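Here is a quick walk through one protein model, written for someone who would rather be at the bench. Have the structure open while you read.

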Amino acid sequence: MTNPPVTNKALFARGQAVMPGGVNSPVRSFRSVGGTPYFVDNAEGPYVWDVEGNRYIDYVMSYGPGILGHSNVAVIDAIQQAAGRGTSYGAPTLGEIEMAEELCARVPGLEMIRLVSSGTEATMSAIRLARGATGRDKIVKFAGHYHGHADALLAAGGSGVANQGLSGCDGVPANAVADTVVVPWNVVPELDDSVAVLVVEPVPANMGLVPARDGFLQELRAACDANGTLLMFDEVITGFRLARGGATEWFGIQPDIWAFGKVIGGGLPVGAYGASTELMQHIAPLGGVYQAGTLSGNPLATAAGLTQLRLLTPDAYAQLEATATRLQAGLASAFAGAGVTAIVPRVGPLVGLFFTDTQPTNFDEAQAAAENGVYPRFFHQMLDRGIALAPGAYEAMFPSLAHTDQVIDTTIAAAREAAAAL
Ligand SMILES: *Cc1c(COP(=O)(O)O)cnc(C)c1O
């Protein structure tokens, strides 16, 4: 008997028999853009290769972790060395301390860290800390901001939640979201003394890229201070991508609680939440807020994350921003040249794309722009030309340090053709 040829189609069929939608995370399923997902065989630098040998310039980059580019030699080496000493112990290690020290040294006001295994775990645990520390139950979040898939945070979430056309989520009981208040982005919410925490993506990048209006984050800081409400930055995307010290440095605003993920793991499963020493006294074993994890602070993940963070120097951030600027300008000119109405927003190294004539300022506007049917067509025109954008209109583009000017220019040339084909 000979094996059937390994094709994307064959793997998709095989995957769908044993995994819902053939995937382990919904956006990967191509549901919102149609067609067959490419199954990745390997990746290096700015490229991924699928099982059929097709090469794509990758702007998904694992949705953020791959900030150095794929298969960075130093990161791979660190993982291999760590693996040679064992993969998990259930006892503390030097790597965890170095990781916590690196994060705290970078972010003004961040004094203590607890490592977890995903961004979802980080935000979920940070909410527990906020409630435990304030003795208050309510949380306020913005529509279109995505904070992972914990019950209390799924309401009006961006990213895959928006992408799958879900307004909420089956299986989340009403009482799990009874204390979650969802408010529109770019409007300062009414807070009172029942609100433990205001959760915010400092640069919302899960409803497309929808930056805060000028002064808005300062107004949120002031509103929280006036009410004894903690301000939490969900920096799972912005952390150590926007700047060496994340959004805190970028905006010059200190929240009370931070959640991190993505970049800090170097492509391995890691998240972290942190705050001042005083607030972190509430976390067990010091305080009454319980939170634990068998694989938390995993030695492979801390080795990968620490190696990646140490390569993210001020020069690296300047390069990332220059790359993103080149990409943004090139895409905007490609659309203008083809007479395609589009907005290409950029905040630092993060680039978005809306097929509309005005930059959306909130989730309703972002949804109207994302659901007009143009994105799936552009996505496939680009994929056919060897450029892998995210298979969903609500995701940002993640150019990396491996995306050279030449790679960006190849992308823009493809975008000119793709835009003309629209
Ligand atoms: C990706 C993301 C999360 C969830 O992180 P996971 O590692 O996927 O659980 C939370 N918040 C934001 C802003 C994110 O982009």
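## Salt bridges first

Arg213 comes out as partly exposed, with a relative accessibility of 36%. Keep in mind that this is a predicted model. The salt-bridge partner of Arg213 is Glu219, and their closest N and O atoms sit 3.0 Å apart. Glu219 also counts as partly exposed, at 33% relative accessibility.

How many salt bridges does the structure hold? The count is nine. Three of them are laid out here, with the distance between N and O atoms:

| Acidic residue | Basic residue | N to O distance |
|---|---|---|
| Glu219 | Arg213 | 3.0 Å |
| Asp256 | Arg221 | 2.9 Å |
| Asp409 | Arg326 | 2.9 Å |

Take the middle row, where the side chains of Arg221 and Asp256 meet. Arg221 belongs to helix 7 (residues 216–227), while Asp256 sits in the loop between helix 8 (246–251) and strand 9 (257–260), so this pair ties together parts that are 35 residues apart in sequence. Is Arg221 buried or exposed? Its relative accessibility is 15%, and the cut-off for buried is under 20%, so Arg221 counts as buried. There is a third member here too: Arg221, Asp225 and Asp256 are linked in a network of salt bridges.

Now the last row, Asp409 with Arg326. This pair links distant parts of the chain, with Asp409 in helix 14 (residues 405–421) and Arg326 in helix 11 (residues 314–338), 83 residues apart. Asp409 counts as partly exposed at 34% relative accessibility, and Arg326 is partly exposed with a relative accessible area of 34%.

## Around the ligand

Which residues surround the ligand? The shell is made of Ser118, Gly119, Thr120, Tyr146, His147, Gly148, Glu201, Asn206, Asp234, Val236, Ile237 and Lys262. Sorted by type, these shell residues are three nonpolar, six polar and three charged.

Some polar atoms of the protein pair up with atoms of the ligand. On the side-chain front, a polar atom of Thr120 lies 2.6 Å from a ligand oxygen. Lys262 also uses its side chain, with an N or O atom 2.6 Å from an oxygen atom of the ligand. Tyr146 joins in through its backbone instead: one of its backbone N or O atoms lies 3.2 Å from a nitrogen atom of the ligand. As for cover, the ligand on its own has 380 Å² of accessible area, and the protein covers 83% of it.

## Two sides of helix 1

Helix 1 (residues 8–18) has Asn8, Phe12 and Gly15 as its buried residues. Where do they sit around the axis? They cover an arc of only 70°, which means they are on the same side of helix 1. The face turned away from that buried side carries the exposed residues Lys9, Arg14, Ala17 and Val18.

## Backbone oddities

A bit of background helps with the next few residues. Most residues other than glycine have a negative phi, and most peptide bonds are trans.

Phe30 goes against the phi part of that: its phi is near 65°, a positive value in a residue other than glycine. You'll find Phe30 in the loop between helix 1 and strand 1 (40–44), and with 4% relative accessibility it counts as buried.

Tyr63 has a positive phi as well, about 65°, although it is not a glycine. Its place is the loop between strand 3 (55–58) and helix 2 (73–83). Tyr63 is buried, with a relative accessible area of 18%.

For the peptide bond, look at Ala284 and Pro285, which are joined in cis with omega at about 15°. Pro285 is in the loop between helix 9 (277–280) and helix 10 (299–311).

## One exposed loop residue

Last stop is His149, in the loop between strand 5 (138–142) and helix 5 (159–163). Is His149 buried or exposed? His149 has a relative accessible area of 53%, and exposed means over 50%, so it counts as exposed. To place His149 against another part of the chain, try Gly245: the two are 96 residues apart along the chain, and their C-alpha atoms are separated by 26 Å.

Conventions: Residues are numbered from 1 along each chain as its sequence is written. This is a predicted model: local features need pLDDT of at least 70, side-chain atom pairs count only at pLDDT 80 or more; totals for chains, interfaces and linings use all residues. Side-chain values use heavy atoms; hydrogens and water are left out. A residue is near a molecule or strand if one of its heavy atoms lies within 4 Å of it. A polar contact is a pair of N or O atoms within 3.5 Å; within protein, one must be able to donate a hydrogen and the other to accept it, and residues adjacent in sequence count only if both atoms are side-chain atoms. Accessible areas come from the Shrake-Rupley method with a 1.4 Å probe; for residues, only the protein chains shown count as cover. Ala, Val, Leu, Ile, Met, Phe, Trp, Tyr, Cys and Pro count as nonpolar, Asp, Glu, Lys and Arg as charged, and the others, Gly among them, as polar. A salt bridge is a side-chain nitrogen of Lys or Arg within 4 Å of a carboxyl oxygen of Asp or Glu. Buried means under 20% relative accessible area, exposed over 50%, partly exposed in between (1.4 Å probe, protein chains only). Helices (H or I, at least four residues) and strands (E, at least two) are DSSP runs, numbered from the N terminus. The arc is that of the directions from the helix axis to the C-beta atoms.
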